[in-house]
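Please open the structure in a viewer and keep the selection panel at hand. The tour proceeds by selections, each followed by a description of what is there.

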Amino acid sequence: MDYNSFDVKPKIAIDLDNKEKPFKLLNNVSYLSGKYSGKEIYRISLNKGYTWNGANIPRVFWRIVGSQYDPQFLPASMVHDWLCEHKDFIIQDGVRISSEIFRDILVNSGVPKHKANIMATAVRLFQYTQEGWN
């Protein structure tokens with residue numbers, strides 16, 4: 001398994017009737033991060049059945065960025081939402097590292113680097129407003 005990659009491609013279903021968490025993982029996956037600032041590598045494992053809400057992109061920006069339903073955003077939003085639910089998984093610099101992992105998955109999913117950087121910065125700024133992050 002290479003750094004910054006999934007062991008298998010995530011299979012994702014969408015349930016539009018579930019407004020809170022419409023996305024569901026249909027297989028077990030693991031994501032192996034790269035090193036960030038020379039620190040440890042993270043193996044993030046998600047189980048079949050995991051649900052999440054997708055990329056929280058305000059509707060006003062959908063024409064510019066894309067919507068939460070954009071398939072390119074789903075793997076990154078899946079891992080990032082899992083990290084948000086497990087804030088103690090990354091011991092130090094959780095906000096920074098989780099947003100860098102988000103950015104790397106976006107780029108690997110075909111999102112242009114400049115757009116991925118903007119999205120990761122927006123996510124990082126939002127995360128700093130949330131409790132429980134280090």
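The stops below lead through two sheets, a core, a surface patch and several single residues. The model is predicted.

**First stop: the sheet with β4**

Select β1, β4 and β5. These strands form an open sheet of three, in the order β1-β4-β5, with antiparallel pairing. β1 (5-6) and β5 are the edge strands; each has a single partner strand, so one side of each lacks a neighbour in the sheet.

Begin with the pairing of β1 and β4, which is antiparallel and has two bridges. Select Ser 5 to find its bridge partner in β4, Leu 32. Then turn to β4 and β5, which are also paired in the antiparallel sense, over four bridges. Leu 32 has Arg 43 as its bridge partner in β5. Ser 30 is partnered there by Ser 45, and Val 29 stands opposite Leu 46.

Now display the side chains of β4. Are its faces covered or not? Both are covered: Val 29 and Tyr 31 lie on one side, Ser 30 and Leu 32 on the other, and all of them are buried.

Display the side chains of β5 next. In a regular strand, side chains alternate between the two faces of the sheet. Along β5 the alternation places the buried Ile 44 and Leu 46 on one face, while Arg 43 and Ser 45 point to the other and are not buried.

**Second stop: the nonpolar core**

Remain with the buried face of β5 and extend the selection to the core. Nonpolar side chains tend to be buried together in soluble globular proteins. The largest nonpolar core here has 32 residues, and those touching the most other members are Ile 44, Leu 46, Phe 73, Met 78, Val 79, Ile 101 and Leu 106. At least two core residues are supplied by each of β3 (23-25), β4 (29-32), β5 (43-46), α1 (74-85), α2 (94-108) and α3 (113-127). Which element gives the largest share of this core? It is α1, with six residues.

Select Leu 46 and show its surroundings. Beyond its neighbours within four places in sequence, Leu 46 is in contact with Leu 25, Asn 27, Asn 28, Val 29, Met 78, Val 79 and Trp 82.

**Third stop: His 80 in α1**

Move along helix α1 to His 80. This residue is buried, with a relative accessible area of 7%. If residues up to four places away in sequence are not counted, His 80 touches Ser 98, Ser 99, Phe 102, Val 123 and Gln 127.

**Fourth stop: Asn 108 in α2**

Select Asn 108, which is found in helix α2. Asn 108 is partly exposed, with a relative accessible area of 49%. Its contacts, leaving aside neighbours within four places in sequence, are with Asn 4 and Tyr 31. Tyr 31 was met earlier as one of the buried residues of β4. For a distance check, select Ser 77 as well: Asn 108 and Ser 77 are 31 residues apart in sequence and 13 Å apart in space, C-alpha to C-alpha.

**Fifth stop: the sheet with β3**

Select β2, β3 and β6. They make up an open sheet of three strands in the order β2-β3-β6, with antiparallel pairing. β2 (12-14) and β6 (51-52) stand at the edges with a single partner strand each, so one side of each has no neighbour in the sheet. β2 and β3 run antiparallel and are joined by three bridges. Within that pair, select Ile 14; its bridge partner in β3 is Phe 23.

**Sixth stop: the surface patch and the loop after β6**

Keep Ile 14 selected and add Leu 16 and Tyr 69. Together these three residues make a nonpolar surface patch of about 280 Å². Tyr 69 is located in the loop between β6 and α1 and counts as partly exposed, at 33% relative accessibility.

The last selection, Pro 71, is also placed in the loop between β6 and α1. At 62% relative accessibility, Pro 71 counts as exposed, because the cut-off for that class is over 50%. To end the tour, add Phe 126: Pro 71 and Phe 126 are 55 residues apart in sequence, and their C-alpha atoms are 22 Å apart in space.

Technical notes: Residues numbered from 1 in each chain as written. Predicted model: local features only at pLDDT ≥ 70, side-chain atom pairs only at ≥ 80, totals over all residues. Heavy atoms only, no water. Core = buried A, V, L, I, M, F, W, Y, C linked by side-chain atoms within 4.5 Å. Buried < 20%, exposed > 50% of the residue type's maximum accessible area, 1.4 Å probe, protein only. Contact = heavy atoms within 4.5 Å. Pairing = 2+ DSSP bridges. Patch = residues over 30% accessible without salt bridge, like charges linked within 9 Å, V, L, I, M, F, W, Y side chains within 5 Å. Areas by Shrake-Rupley, 256 points an atom, 1.4 Å probe, with all protein chains shown as cover. Salt bridge = Lys/Arg side-chain N within 4 Å of Asp/Glu carboxyl O.
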